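The exercises below ask the reader to work through one model, with the sequence and the coordinates side by side. Each task is followed by a solution that goes step by step.

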Amino acid sequence: MSTISAPPLPTMAAAPDGARRANATGALLRHSTFLTARAVRTLLRQPAYLAITLVQPVIWLLLFGQLFRNVVRIPGFTAASGSYLEFITPGVIVMTALFSSGWAGTVYIEDMDRGVMDRLLASPVRRGAMIVGTLAYQSLTTTVQTLIVFGIAYASGARFDGGAVGVLVTVLAACLISVVIASFSNAIALLVRQQEALIGISQFIVLPLQFLSSSIMDTRVSPAWVRHVARYNPVDWATTAARSALSGHAEWGAILPRLGFLLALAVAMGRLATRAFRSYQRSL
Amino acid sequence: MSPNPAAALVAAELTKTYPAGRGGPPVRALDGLSVSVAAGTIVALLGRNGAGKSTTVKILTTLARADSGTAEVAGIDVSRDPDGVRHAIGLVSQKSSSDPMATGRENLVLAGRIQGLSRSAARGRAAELLARLDLADAAGRLAKTYSGGMARKLDVAIGLVHRPRVLFLDEPTTGLDPEARAAMWAEIGRLSADEQTAILLTTHYLEEADRLADRVAIVDAGRVVVEGTPDELKSELRGDTVQVELVAGAAHAVAVLERVPGLGEVSADGTRLRARAESGAQAVPGVLAALDESGIAVASVTVARPSLDDVYVRHVGREFAEEAAA
């Protein structure tokens, strides 16, 4: 085992500039894959944490589903196809994505505290890959959680006329909101560099976003100001798009612009996280 | 400064000022620091906390940018081509920097892959380093289960995975128990010989610099105050150190010793007096007699060959151990 002698390594530092630049995109992809794999592996090795991330949406779904079962009888509540369970399923999906991605930045802070961040920054790893890695991981987690919530909802009797397309749009909307919030969380992590501050700020943002949306309550029966605020709330965009796609009569004119807004916001937040990275490096 | 072709690392006149923290003045971390490391040798930056050692490492490893000055690592300018430098260096930072939720082997393979090794090359190199650093039995265990000494060895292995031209060891043995420290020293000594890697080591342990480094640069207040091989530095101090521990501090003790023939460079630090003598053994009777005559009670007297500590005192004007402990 100790006699393995690796072949001489190419000296990459000596590669011509052009070749290196051409490799940059490939490197971004490869490095993103390595870092995503690292995050997934870490998650799989923490069974308790894994269980909590999976159990949480189930609790939301069943708890809220029972607690507010009768709100559908309020005059004006959508309840197009029926049960409150069907109404809140997309709400709980988006909520789950929101809460778990709010924590995304804690990984950066752990890495900073442990010196992993400095080691990575002193290595040729692409900075973009450090961001893409966490976002890909969040999207993966969100996809799995979304499918589990669908499974539980189905088992509890919810039926969605929107079918596979509805499920697909829901996964997409959940992933987009998850990327938006995770980028925001990453940016805050890079700026405040302190676990408690990050969690405080993230809760402060996430909870109002959650409740000023239609995730658990139809805004048509909410006070007018909530309805107005919700129109500008990305959590509401995601929830409304998913809910419409899941109903038997998807309004694409409402779904597509909302997904578009989410995408634009995701790009903007990604930029913000990249800038926060630069500010972190300048502070070293 | 003419660049030395054999130098793996040349830094000249680096300066770095950190902006003021709450209400405090800006901190001048580096104030014209210059250092170079020849290929295949170990250079130690020795200094107390806050002297500028870690800032130097941050600049040379592309983590931070100098306000002025130039630095080339493996012949590559750190500010013009940081990515090129990152391929040529390994960094073992102050804190253990392995991923606790990955095994030793996984940590190494990931580091190798990021450096551009193929999967099989990374695996081969990981196995080789794990065996070399005596971690083969722990290769499949999560890094969080490693002892302090093992984790440090894993950090070094991670730094070496791509056979860097220059390896930075930022306080590699801080926080290790004496046994693990001795093991680490043996390891670092072997590495520089086997891997043909230039090593820049920062430390606040005099003994570490003395044992490991081919050359030592003493850093204080952001600059190198003196630089040379440990022997050169020590031999510039002729004679022995005589150290007298008094029962109680005495203001006139320095004046008393200065009158003793053959004794020079007398300094006092609380109840401790230090002086240099051509021959320590011959000076001791005179020292004791003079102190006795002046009614100053002596607790102990020691005579020692010059150490790096003496070199430090001479150039920085303060005693090292107390500075480091402060």
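**Exercise 1: the interface**

Chain A and chain B bury about 3500 Å² between them, with 60% of it on carbon and sulfur atoms; buried area is the accessible area (1.4 Å probe) that two parts lose on being put together, summed over both. The model is a predicted one, in which local features need pLDDT of at least 70 and side-chain atom pairs count only at pLDDT 80 or more, while totals for chains, interfaces and linings use all residues. Residues are numbered from 1 along each chain as its sequence is written, chains are lettered from A and ligands numbered from 1 in the order in which they are written, and side-chain values use heavy atoms, with hydrogens and water left out.

Task: establish how many residues each chain gives to the contact, and which salt bridges can be named across it.

Solution. Step one is the count: with contact taken as heavy atoms within 4.5 Å, chain A contributes 34 residues and chain B contributes 42 residues.

Step two turns to charge, where a salt bridge is a side-chain nitrogen of Lys or Arg within 4 Å of a carboxyl oxygen of Asp or Glu. This rule finds 4 salt bridges across the interface of chain A and chain B. One of them joins Arg126(A) to Asp83(B), with the closest N and O atoms 3.4 Å apart. Arg41(A) and Glu106(B) form a salt bridge as well, their closest N and O atoms being 3.6 Å apart. That pair crosses between chains, from helix H1 of chain A to helix H3 (residues 104-114) of chain B, where helices are DSSP runs (H or I, at least four residues) and strands are runs of E (at least two), numbered from the N terminus.

**Exercise 2: the fold of chain A**

Task: describe the secondary structure of chain A, and compare the reach of helix H6 with its expected span.

Solution. First, chain A has 11 helices and 0 strands, and its C-alpha atoms fill a box of roughly 75 × 40 × 35 Å along the principal axes.

Next, H6 of chain A (residues 127-155) has 29 residues and reaches 43 Å from its first C-alpha to its last, close to the expected 42 Å; the expected span is 1.5 Å times one less than the number of residues. Just after H6(A), Gly157(A) takes a positive phi of about 105°.

**Exercise 3: the domains of chain B**

Task: state the domain bounds of chain B and the separation of the domain centres.

Solution. The assignment, which is automatic or from a database, gives domain 1 (7-233) and domain 2 (238-305). Taken over C-alpha atoms, the centres of these two domains of chain B are separated by 40 Å.
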